[in-house]
Amino acid sequence: MIKILIVDDEKPICDLIDLNLSASGYHCTAVQDGLEAIEMIEKEKYDLILLDIMLPGADGYDIMEYIRPLKIPVIFITAKREVKDRVKGLKLGADDYLIKPFDVVELVARVEAVLRRYHKAQRIITVGDVVVDVEARQVTRAGKPVVLTNKEFGLLVLFITNKNVALFRESLYEKVWEEEYYGDSRTLDLHVQRLRRKLGWEHNLVAVYKVGYRLEVPQ
């Protein structure tokens, strides 16, 4: 299982990240202190580190100097918005830079992108009797192949990597169709209906009033 260390001095943010990444199948550990983070890195082997900059004990830049020789991928997650801060983080060796507040869907997508770059991405994801090979773009249900369109597969990946999280219609549409959402949800709704039918998720893929959809999976 992919192991991710979350380093942020705000516990609610740690909890939010942990909840969403754990729902996507990652094993997460969270700390709120820079020196404690260094201790954890010395004791455990992590596949990815999500790192705030403003931390007690040691700041994110100091921790980055420590991490760099270890070749562990890092995504900075910070409220520091200035270009010079992003440039500094990237020059220190960070793989990506996400500014608070952030969309959890974007966070999960960036985590997956960095892990793929390091050939550490989760290739196979299982939800009940549905097995998804993300790299090969193959889906089976109860051992039988399921044929999906490109848009259906794109929606499926968003749902299975954000299990039990309500996803906004506009976010789903813009990420899968790669164009701006203008409020007409008929196309999205039809694709979700077909996905429900093909995967037997009539009771799992639920509509969330005034929001969008959520894939409900028992924890």
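**Two domains and where they touch**

Trainee: How far apart are the centres of domain 1 and domain 2, taken over C-alpha atoms?

Mentor: They're separated by 28 Å. Keep in mind that this is a predicted model, where local features need pLDDT of at least 70, side-chain atom pairs count only at pLDDT 80 or more, and totals for chains, interfaces and linings use all residues. Residues are numbered from 1 along each chain as its sequence is written, and side-chain values use heavy atoms, with hydrogens and water left out.

Trainee: Where do the domains run?

Mentor: Domain 1 is 3-117 and domain 2 is 124-215, with bounds from an automatic or database domain assignment.

Trainee: OK, how many residues does each one put into the contact?

Mentor: Domain 1 gives 11 residues and domain 2 gives 10, contact being heavy atoms within 4.5 Å.

Trainee: And what area do they bury between them?

Mentor: About 790 Å², with 53% of it on carbon and sulfur atoms. Buried area is the accessible area (1.4 Å probe) that two parts lose on being put together, summed over both.

Trainee: Which three residues supply the most on the domain 1 side?

Mentor: A23, S24 and V105, with 52% of the area domain 1 buries against domain 2.

Trainee: Switching topic: how many salt bridges cross the interface?

Mentor: Zero by the rule, which looks for a side-chain nitrogen of Lys or Arg within 4 Å of a carboxyl oxygen of Asp or Glu.

Trainee: Which helix brings the largest share of the domain 1 side?

Mentor: That's α5, with six residues; helices here are DSSP runs (H or I, at least four residues), numbered from the N terminus.

Technical notes: Helix = DSSP H or I, 4+ residues; strand = E, 2+ residues; numbered from the N terminus.
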